[in-house]
Amino acid sequence: MPAQPEGDPAPEDGALPAGAVARASERTLSLYVHVPFCAVRCGYCDFNTYTMEQLGDGVSRDDYHRDAAAEVRFARSVLDAAGAPPRALHSVFFGGGTPTLLPARELANMLGQARQSFGLAPDAEVTVEANPDSVTAETFDVLAEAGVTRVSFGMQSAVPHVLRVLERTHTPANVPRAVGWAKERGLGTSVDLIYGTPGESVADWRTSLEAALEMDSDHVSAYSLIIEDGTKLAAQMRRGEVPRVDPDDQAEKYTLADAMLREAGFEWYEVSNWSRDAHGRSALENRSAHNLAYWRNQDWWGIGPGAHSHSDGVRWWNLKHPLPYTNKVRQGVSPAAGRETLDAQTRYVEDVMLGIRIRDGLETARLQPEGRKAVAGLIADGWLDGAAAVRGTAVLTDAGRLMADAVTRRLLDW
């Protein structure tokens, strides 16, 4: 697993500096709840997740919802002590791991604590990530009744041999059934895909896209496979057991995904995410509000082991393993392992890196002089939209989305 970021020690009382909440009334607040449990650890995954065999003594999945709820209450007390004005939650996201390994009632209880401690904005988005093998129709009855508005399904692929390489254990036929159950209860649905898996052909990828489109979802995410150090798949590549990822192959598959999704009525709003008008909601309404809060560098509090939080340039991250995390929460002190305050240049770099990825674009007036000078060249290269730039916004073209990292480097003069 990747090392935690370096930073200063985090105070046990969680106290925030005044600057972290000085502009709170101008910023949205979201809640991320990390559920660190998985039935099987996938070979490509470097997330902070654990199977029951890896957890060891002293950690119980049965108690997790109570510990997470306690941290929600702690979060509210820290923000109150810092003088932050009350803010109803803009979005709540249950991620992992596999949140649906917990009983739906326990997810509902955690959401209930979030509502009690912070309140939910009238149009708040509440998302639960789901494994199609760990849900039933009744799961969605409970989630819908609790106030969940959206479910994100980890499909990854519809092709069995691709799933085997990824070590995804769900049954492909269960995905459309689970999506159907969620839609029947009026929940928004997203289908998450991964492309570029070793051994995946373009025809395989087309099959997965066609299967995803047949589900009539209102949102699709398609991410290129990234091989992280320390994962099983990285070790297999080093030993030559599976071929290395080919960037040209990934570019071809991204282009195919964009073409097929566009033909089906989807429009991109972030480099790896598409939404459409569907089920009585517009494409704008079917975007992931929670993820947009990240890309726009708003405020969020991360609940659970290894979860990260951010408040106007102050970041902190929790202890990674569930056992020390649980011990801290039950002692009534902060489970944070470290904290950092970003300087102005680091904040600028992050604003550019995140802002250029979304369709709304990045205001060119916010760029430093070197970045503004780079805009004309990026337009000439076909990577930035010239008409949008005239209106004062740097927006990636279709070709520019394939080169988003290179565009970022030039805007930052790296």
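**Exercise 1. The surroundings of S117**

Leaving aside its neighbours within four places in sequence, with which residues is S117 in contact? State also where S117 lies and whether it is buried or exposed.

*Solution.* The model under study is a predicted one.
- Step 1: S117 belongs to helix α3.
- Step 2: Its relative accessibility is 13%. Buried means under 20% relative accessible area, so S117 counts as buried.
- Step 3: Once neighbours within four places in sequence are set aside, S117 is in contact with V72, R73 and R76.

**Exercise 2. The loop between β2 and α3**

Determine which peptide bond is cis at G97, and describe the setting of T100.

*Solution.*
- Step 1: The loop in question runs between β2 (89-96) and α3 (104-117), and T100 lies in it. G97 is found in this loop between β2 and α3 as well.
- Step 2: The peptide bond from G96 to G97 has omega near 15° and is therefore cis. Most peptide bonds are trans.
- Step 3: For T100 the relative accessible area is 6%, so this residue is buried.
- Step 4: Beyond its neighbours within four places in sequence, T100 is in contact with V128, E129, A130, N131, S134 and V135.
- Step 5: With S134 there is also a polar contact of 2.7 Å between the two side chains.

**Exercise 3. Two residues with positive phi**

Locate Q156 and D312, give the phi of each, and decide whether each is buried or exposed.

*Solution.*
- Step 1: Most residues other than glycine have a negative phi.
- Step 2: Q156 is not a glycine, yet its phi is positive, at about 65°. Q156 is found in strand β4, which covers residues 150-156. With a relative accessible area of 9%, Q156 is buried.
- Step 3: D312, likewise not a glycine, has a positive phi of about 45°. The place of D312 is the loop between β10 (308-311) and β11 (314-318). Its relative accessibility is 6%, and D312 therefore counts as buried.

**Exercise 4. The environment of D218**

Which side chain is joined to that of D218 by a polar contact of 2.8 Å? Place D218 in the chain and list its contacts.

*Solution.*
- Step 1: D218 lies in the loop between α7 (202-214) and β6 (219-224).
- Step 2: The relative accessible area of D218 is 2%, so D218 is buried.
- Step 3: Neighbours within four places in sequence aside, D218 is in contact with G188, T189, F266, W274, S275, R276, A278, H279, R281 and N286.
- Step 4: The polar contact of 2.8 Å joins the side chain of D218 to that of R281.
- Step 5: K183 is 35 residues from D218 along the chain, and the C-alpha atoms of the two are separated by 9.8 Å.

**Exercise 5. The chain as a whole**

What radius of gyration does the chain have, and how does this value stand against that of a compact globule? Describe the secondary structure, burial and charge of the chain as well.

*Solution.*
- Step 1: The chain contains 16 helices and 14 strands.
- Step 2: For 414 residues, a compact globule would have a radius of gyration near 22 Å; the chain has 21 Å, so the two agree. The C-alpha trace spans about 55 × 50 × 50 Å along its principal axes.
- Step 3: Of the 414 residues, 55% count as buried. The accessible surface comes to about 17700 Å², and carbon and sulfur atoms account for 50% of it.
- Step 4: Among contacts between residues at least 6 apart in sequence, 72% join residues at least 24 apart.
- Step 5: There are 42 positive and 57 negative side chains, and the centres of the two sets lie 1 Å apart.

Note on methods
Residues are numbered from 1 along each chain as its sequence is written. This is a predicted model: local features need pLDDT of at least 70, side-chain atom pairs count only at pLDDT 80 or more; totals for chains, interfaces and linings use all residues. Side-chain values use heavy atoms; hydrogens and water are left out. Helices (H or I, at least four residues) and strands (E, at least two) are DSSP runs, numbered from the N terminus. Buried means under 20% relative accessible area, exposed over 50%, partly exposed in between (1.4 Å probe, protein chains only). A polar contact is a pair of N or O atoms within 3.5 Å; within protein, one must be able to donate a hydrogen and the other to accept it, and residues adjacent in sequence count only if both atoms are side-chain atoms. Contact means heavy atoms within 4.5 Å. The radius of gyration is taken over C-alpha atoms; the globule rule is 2.2 Å times the number of residues to the power 0.38. Accessible areas come from the Shrake-Rupley method with a 1.4 Å probe; for residues, only the protein chains shown count as cover. Lys and Arg count as positive and Asp and Glu as negative; His and the chain ends are not counted. The place of a charge is taken as NZ of Lys, CZ of Arg, CG of Asp or CD of Glu.
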